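Biologist: Please take a close look at the aromatic rings of this model, and then follow them out into the strands and enclosed spaces around them. I would like one connected account rather than a list.

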Amino acid sequence: MTGFVPTPTLPAPDIVRCAYMEIVVTDLARSREFYVGVLGLHVTEEDENTIYLRSLEEFIHHNLVLRQGPVAAVAAFAYRVKSPAEVDAAEAYYKELGCRTERRPEGFTKGIGDSVRVEDPLGFPYEFFYETEHVERLTQRYDLYSAGELVRLDHFNQVTPDVPRGRKYLEDLGFRVSEDIQDSDGVTYAAWLHRKQTVHDTALTGGDGPRMHHVAFATHEKHNIIQICDKMGALRISDRIERGPGRHGVSNAFYLYILDPDGHRIEIYTQDYYTGDPDNPTVTWDVHDNQRRDWWGNPVVPSWYTEASLVLDLDGNPQPVVAREDKSEMAVTVGADGFSYTRQPGGEDKGFKVGAQL
């Protein structure tokens, strides 16, 4: 434990939701073919160096920015705040924490206005904005709707060495914990935190970091995810499917993990649950419950635990990666593949989500 991040005296900015991610890719044309040609995200604008993409139901300018660069990495995890005044609040909040900040009234990307970017206490590049250009919401453009349509940006997932430290910092920032994974020694391996009324806007995965584990887009139904698998098979790129399809124990969502041409991990995600009540209970999973990561039998491949994307500082340089000192989730689970026991020796049931986790 490196020590908790101090709680500022100033109020935290009022965050609405995760809104977009900016990633650096090394071959913009190949990335365009993947995100537009394969996944079907919609182009809002593009030029020779940058592509701005959005999902079907989005009305703000973009949910994903692809920017050409020399090193594949993440440049920003961007959150929308509730009003212009909350951008001021975010800047003041992080300055009190002693974090580096940069304010741009014109925004850091096209379509986004007054914004502040920070190097947060965990080493991640966070952005906070309110002003945005509105674009056509494509909800009823059924002529554009594909069988594997991505309809919303759902969440980020961040790799950090010290999950309790990150959890406390994000709770101070106004996030609420929906689920976590712990062991009987009190080690926390992961936590899921939300601002909107779903399971998460971001999650913390314990590991060497700061790194980006994945960015997730939602579909309407499970069959949309199956269609993406079928399409990738038809295009002879099914080797880019890293894990799934399957159903998570944590979040209850149906999922698929795929890798873009640079190895950035994308999750396709559907059917989690409502978390908006003020007394929504936190679900705690035992790290040795093999249904925590997959509800019905898909192993968690080692790369899912060990590989992730670099993140950049405000100068565009990769942040140094710090090793996790606490126990590794992969190392403490039988076979180092995400599977372990759901029953104690002797056959006694250990318990499942509804029976023992709430």
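Modeller: Rings of Phe, Tyr and Trp, the last taken by its six-membered ring, are counted as a pair if their centres lie within 6.5 Å. The model is a predicted one, and what follows is computed from it. Ring pairs link F77, Y79, Y93, Y94, F124, Y126, F128, F156, Y169 and F175 into a cluster.

By this rule the structure has 19 aromatic pairs. One of them joins Y126 and F128, whose ring centres are 6.1 Å apart and whose planes meet at 70 degrees, so the pair is edge-to-face. The cut-off behind that label is an angle over 60 degrees. Y126 has a relative accessible area of 0% and is therefore buried. F128 also counts as buried, because its relative accessibility is 0%. The limit for calling a residue buried is under 20%.

Another pair brings together F254 and W296, with 6.4 Å from centre to centre and 45 degrees between the planes, which makes it tilted. F254 belongs to strand β15 (residues 254-259), while W296 sits in the loop between β17 (283-286) and α5, so this pair ties together parts 42 residues apart in sequence. F254, at 7% relative accessibility, counts as buried. W296, at 46%, counts as partly exposed. Partly exposed covers the range between the 20% limit for buried and the 50% limit for exposed.

Some rings also carry a charge over the face. R80 lies over the face of Y130, at 4.6 Å from the ring centre. R243 lies over the face of W304, also at 4.6 Å from the ring centre.

Next come the strands, beginning with β8 (residues 125-129). Its partner β7 runs antiparallel to it, and five bridges join them. Within this pairing, E119 stands opposite P125 of β8. Five residues lie between the two strands of this hairpin, and G123 there takes a positive phi near 95 degrees. β7 also pairs with strand β6 (residues 101-104), again in the antiparallel sense, over four bridges. There, T101 has V118 of β7 as its bridge partner.

Where does that leave β7 itself, enclosed or open? All five of its five residues (115-119) are buried, so the strand is largely enclosed by the rest of the structure. In a regular strand, side chains alternate between the two faces of the sheet. In β7 both faces are covered: S115, R117 and E119 are buried on one side, and V116 and V118 are buried on the other.

Strand β12 (residues 202-206) can be read in the same way. Five of its five residues are buried, so β12 is largely enclosed by the rest of the structure. T202, L204 and G206 are buried on one side of β12, with A203 and T205 buried on the other, and both faces are thus covered. β12 pairs with β9 in the parallel sense over five bridges, and Q158 stands opposite L204. With strand β11 (residues 188-194), β12 runs antiparallel and is joined by four bridges. A191 has L204 as its bridge partner in β12.

That leaves the enclosed spaces. The structure holds two cavities of 30 Å³ or more. The largest has a volume of about 90 Å³. Its lining has 13 residues, and those nearest its centre are W192, H200, H248, Y257 and E267. β9 (152-160) and β16 (265-270) each supply at least two residues of that lining. By type, the lining of the largest cavity divides into five nonpolar, six polar and two charged residues.

The second largest cavity contains about 30 Å³ of space. V159, T205, R211, H213, W304, Y305, T306, E307 and A308 line it. The elements that give two or more residues to this lining are β13 (211-218) and α5 (302-306). α5 gives the most, with three residues. By type, this lining divides into four nonpolar, three polar and two charged residues. Two of the residues in this lining have appeared already: T205 and W304. T205 is one of the buried residues of β12, and W304 is the ring with R243 over its face.

Key: Residues are numbered from 1 along each chain as its sequence is written. This is a predicted model: local features need pLDDT of at least 70, side-chain atom pairs count only at pLDDT 80 or more; totals for chains, interfaces and linings use all residues. Side-chain values use heavy atoms; hydrogens and water are left out. On a 1 Å grid over the protein atoms alone, a cavity is a set of points where a 1.4 Å probe fits but cannot get out, and a pocket is an open set with protein on both sides within 12 Å along at least five of seven lines; lining residues have an atom within 4 Å of a point. Grid points are joined across faces, edges and corners, and a volume is the space filled by probe spheres set on the points. Ala, Val, Leu, Ile, Met, Phe, Trp, Tyr, Cys and Pro count as nonpolar, Asp, Glu, Lys and Arg as charged, and the others, Gly among them, as polar. Buried means under 20% relative accessible area, exposed over 50%, partly exposed in between (1.4 Å probe, protein chains only). Two strands pair if DSSP finds at least two bridges between them. Rings of Phe, Tyr and Trp (its six-membered ring) pair if their centres lie within 6.5 Å; planes under 30 degrees apart count as stacked, over 60 as edge-to-face and the rest as tilted. A charge sits over a ring if NZ of Lys or CZ of Arg is within 6 Å of the ring centre and within 35 degrees of the ring normal.
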